[in-house]
Amino acid sequence: YYDEQDSLVGAMVVNKTGMKEFFPENILSYIAIHTDFRRLGLGTLMLDDAVKICKGKIFVQLPDGDSSLSFFKKHGFRKDTVGLVRTKKVQLFHSN
């Protein structure tokens, strides 16, 4: 998304999974808006475009307490799954 001077002010990436039987058909993996253009409706415009283009569900994953949670809820997103993360411990090996 560009402004009148052709400067990039917003970007969004939605990946089509092709796995609607197992996972939502689309994953919103990235959305960003330049700080000078926030709270002007651009995020709403971008999400509306994604909904028009995508077929099926759109999934977005947010960390606990993410400030954008209310934005997504306002635009019809709801809690659907629970994500779990396991971090692998790194082992350091010493050679003598």
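Start with the lining of the largest pocket in this predicted model: colour its residues by chemical class, and they divide into 14 nonpolar, seven polar and seven charged. The pocket that these residues surround has a volume of about 830 Å³, and its lining counts 28 residues in total, with Val-60, Arg-78, Lys-79, Asp-80 and Thr-81 lying nearest the centre. If you then switch to a cartoon view, look for β3, which spans 58–59, and α2, which spans 69–74, since each of these elements supplies at least two residues of that lining. The largest share comes from α2, which gives three residues to the lining of the largest pocket.

Stay at this pocket and select Arg-78 together with Asp-80, both of which are among the residues nearest its centre. Arg-78 forms a salt bridge with Asp-80, and the closest N and O atoms of the pair are 3.2 Å apart. This distance satisfies the criterion because a salt bridge requires a side-chain nitrogen of Lys or Arg within 4 Å of a carboxyl oxygen of Asp or Glu. By this rule the count for the model comes to one salt bridge. Turning on a surface representation adds the solvent view of the two partners: Arg-78 counts as exposed, at 60% relative accessibility, whereas Asp-80 is partly exposed, with a relative accessible area of 40%.

Next, select Ile-58, whose place is in strand β3, one of the elements that contribute to the lining of the largest pocket. Is Ile-58 buried or exposed? Ile-58 counts as buried because its relative accessibility is 17%, and the buried class takes in residues under 20%. From Ile-58, draw a C-alpha to C-alpha distance to Phe-77, and you will find the two residues 8.5 Å apart in space although 19 residues separate them in sequence.

Move now to the second largest pocket, in which about 700 Å³ of space lies. Its lining is made by 26 residues, and the ones to label are Ile-33, Arg-38, Gly-43, Ser-68 and Phe-71, which lie nearest the centre. Which element gives the largest share of this lining? That element is β2, with six residues, while β2, α1 (42–53) and α2 each supply at least two. Coloured by class, the residues around the second largest pocket divide into 13 nonpolar, nine polar and four charged.

With Arg-38 still labelled as one of the residues nearest the centre of that pocket, add Asp-48, which lies in helix α1. Asp-48 and Arg-38 are ten residues apart in sequence, and their C-alpha atoms are 16 Å apart in space. On the surface view, Asp-48 is partly exposed, with a relative accessible area of 36%.

The next selection is Arg-39, which lies in the loop between β2 and α1. At 87% relative accessibility, Arg-39 counts as exposed, and its backbone deserves a look in a torsion plot, where it has a positive phi of about 65 degrees although it is not a glycine. Most residues other than glycine have a negative phi. A second residue to mark in the torsion plot is Asp-6, also not a glycine, with a positive phi of about 60 degrees. Asp-6 is found in the segment before β1 and is exposed, with a relative accessible area of 64%.

From that segment, continue into strand β1, where Ala-11 is found. Ala-11 is partly exposed, with a relative accessible area of 26%. Select Ile-31 as its partner for a distance: Ala-11 and Ile-31 are 20 residues apart in sequence, yet 5.7 Å apart in space from C-alpha to C-alpha.

The last stop is the loop between β1 (10–16) and β2 (26–33), where Phe-23 lies. Select Phe-23 with Met-19 and Phe-22, and show their surface, for these three residues make a nonpolar surface patch of about 330 Å². Why can Phe-23 belong to such a patch? Phe-23 is partly exposed, with a relative accessible area of 33%, and so it passes the requirement of over 30% that applies to patch residues.

Key:
Residues are numbered from 1 along each chain as its sequence is written. This is a predicted model: local features need pLDDT of at least 70, side-chain atom pairs count only at pLDDT 80 or more; totals for chains, interfaces and linings use all residues. Side-chain values use heavy atoms; hydrogens and water are left out. Patches are made of residues with over 30% relative accessible area and no salt bridge: like charges are joined within 9 Å, nonpolar side chains (Val, Leu, Ile, Met, Phe, Trp, Tyr) within 5 Å. Accessible areas come from the Shrake-Rupley method with a 1.4 Å probe; for residues, only the protein chains shown count as cover. Helices (H or I, at least four residues) and strands (E, at least two) are DSSP runs, numbered from the N terminus. Buried means under 20% relative accessible area, exposed over 50%, partly exposed in between (1.4 Å probe, protein chains only). On a 1 Å grid over the protein atoms alone, a cavity is a set of points where a 1.4 Å probe fits but cannot get out, and a pocket is an open set with protein on both sides within 12 Å along at least five of seven lines; lining residues have an atom within 4 Å of a point. Grid points are joined across faces, edges and corners, and a volume is the space filled by probe spheres set on the points. Ala, Val, Leu, Ile, Met, Phe, Trp, Tyr, Cys and Pro count as nonpolar, Asp, Glu, Lys and Arg as charged, and the others, Gly among them, as polar.
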